[in-house]
Amino acid sequence: MIGSGRVGSAVALELKAAGWDVTVIDEREEALGRLGEHWTGEFLVGHGMDLQLLREAGIEDADAVVVATDGDNSNIIIAQVAQKRFAVKTVLVRLLDPARAQFYAERGLDTVCPTITAIDALTSSVLETAAKVEA
């Protein structure tokens, strides 16, 4: 797991609870606090683009890598490195920009775009609510 903000830490905790061996990388040591005092996984401080740090985290044997830092550009690069350089079979990348998410999805990255999810959910809710009011 690269990035331990609100999203990354929640994903790490859920994967750990599901029995996965989880290593989290974040640039800020304070991000460990989001994982709670009972965190039993690994936590490394540094940048997800640091190849030596990725190796230390076990990327060469990883079943999956989830990239969810707060920067789309960093996320794209880290995901591509995991996918192409280290041949990780399951690489998921969070991208906030819908155009970028579509562009990179078309080129083989598994992307998750919460912005698209929010747009879809809000539009659907407005249409459903309006239909109920009109009925």
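## A contact at the start of H3

A polar atom in the side chain of Asp72 sits 3.0 Å from the backbone nitrogen of Asp97. Please keep in mind as you read that this is a predicted model. Asp72 belongs to helix H3, which covers residues 72-85.

Is Asp72 buried or exposed? Asp72 has a relative accessibility of 10%, and buried means under 20%, so Asp72 counts as buried. Leaving out residues up to four places away in sequence, Asp72 touches Arg94, Leu95, Leu96, Asp97 and Arg100. Asp97 therefore appears twice in the story of Asp72: in this list of contacts and, through its backbone nitrogen, in the 3.0 Å pair.

## Asn75, further along the helix

Helix H3 also holds Asn75. With a relative accessibility of 0%, Asn75 counts as buried too. Once its neighbours within four places in sequence are set aside, the residues in contact with Asn75 are Val67, Ala68, Thr69, Val93, Arg94 and Leu95. Arg94 and Leu95 are also among the residues that Asp72 touches.

## The nonpolar cores

How many residues make up the largest nonpolar core? This core has 20 residues, and those with the most contacts inside it are Ile2, Ile59, Val65, Val67 and Val88. Two or more of its residues come from each of H2, S3, H3 and S4. Helix H3 gives the largest share, four residues. There is also a second, separate core of ten residues, with Ala12, Val24, Phe43 and Ala68 among them.

Val67 is a good place to look around in the first of these cores. Not counting residues up to four places away in sequence, Val67 touches Ile2, Asn75, Ile78, Ala79, Leu92, Val93 and Arg94. This list includes Asn75, the buried residue of H3 described above.

## Ile2, before the first helix

Where is Ile2 found? Ile2 lies in the segment before H1. Its relative accessibility is 5%, so Ile2 counts as buried. Beyond the residues up to four places away in sequence, Ile2 touches Ile25, Gly48, Leu54, Val65, Val66, Val67, Ala68, Thr69 and Ile78.

One of these contacts links parts of the chain that are 52 residues apart: the C-alpha atoms of Ile2 and Leu54 are separated by 9.4 Å. Val65 and Val67, which Ile2 touches, are also listed with Ile2 among the residues with the most contacts inside the largest core.

## The largest pocket

The largest pocket has a volume of about 500 Å³. It is lined by 21 residues, and the closest to its centre are Met1, Asp21, Thr23, Ala62 and Ala64. Helix H1 (6-17), strand S1 (23-26), helix H2 (51-57) and strand S3 (64-67) are the elements that give two or more residues to this lining.

Which element gives the largest share of the lining? That is S3, with three residues. By type, the lining residues of this pocket divide into 15 nonpolar, two polar and four charged.

## The second largest pocket

The second largest pocket has a volume of about 430 Å³. Its lining has 22 residues, and Gly3, Asp26, Ala68, Thr69 and Asp70 lie nearest its centre. The elements that give two or more residues to this lining are H1, S1 and H3. Here the largest share, three residues, comes from H1.

The lining of this second pocket consists of five nonpolar, ten polar and seven charged residues. Ala68 and Thr69, both near the centre of this pocket, are also in contact with Asn75. Ile2 touches Ala68 and Thr69 as well.

## A loop residue with a positive phi

Most residues other than glycine have a negative phi. Ala87 has a positive phi of about 55 degrees although it is not a glycine. Ala87 is found in the loop between H3 and strand S4 (90-94).

Is Ala87 buried or exposed? Its relative accessible area is 54%, and exposed means over 50%, so Ala87 is exposed.

## Far along the chain

Helix H5 spans residues 114-134 and contains Ala131. Ala131 has a relative accessible area of 44% and is partly exposed. Ala131 and Ser4 are 127 residues apart in sequence, and their C-alpha atoms are 40 Å apart in space.

Technical notes. Residues are numbered from 1 along each chain as its sequence is written. This is a predicted model: local features need pLDDT of at least 70, side-chain atom pairs count only at pLDDT 80 or more; totals for chains, interfaces and linings use all residues. Side-chain values use heavy atoms; hydrogens and water are left out. Buried means under 20% relative accessible area, exposed over 50%, partly exposed in between (1.4 Å probe, protein chains only). A polar contact is a pair of N or O atoms within 3.5 Å; within protein, one must be able to donate a hydrogen and the other to accept it, and residues adjacent in sequence count only if both atoms are side-chain atoms. Contact means heavy atoms within 4.5 Å. On a 1 Å grid over the protein atoms alone, a cavity is a set of points where a 1.4 Å probe fits but cannot get out, and a pocket is an open set with protein on both sides within 12 Å along at least five of seven lines; lining residues have an atom within 4 Å of a point. Grid points are joined across faces, edges and corners, and a volume is the space filled by probe spheres set on the points. Ala, Val, Leu, Ile, Met, Phe, Trp, Tyr, Cys and Pro count as nonpolar, Asp, Glu, Lys and Arg as charged, and the others, Gly among them, as polar. A nonpolar core is a set of buried Ala, Val, Leu, Ile, Met, Phe, Trp, Tyr and Cys residues joined through side-chain atoms within 4.5 Å.
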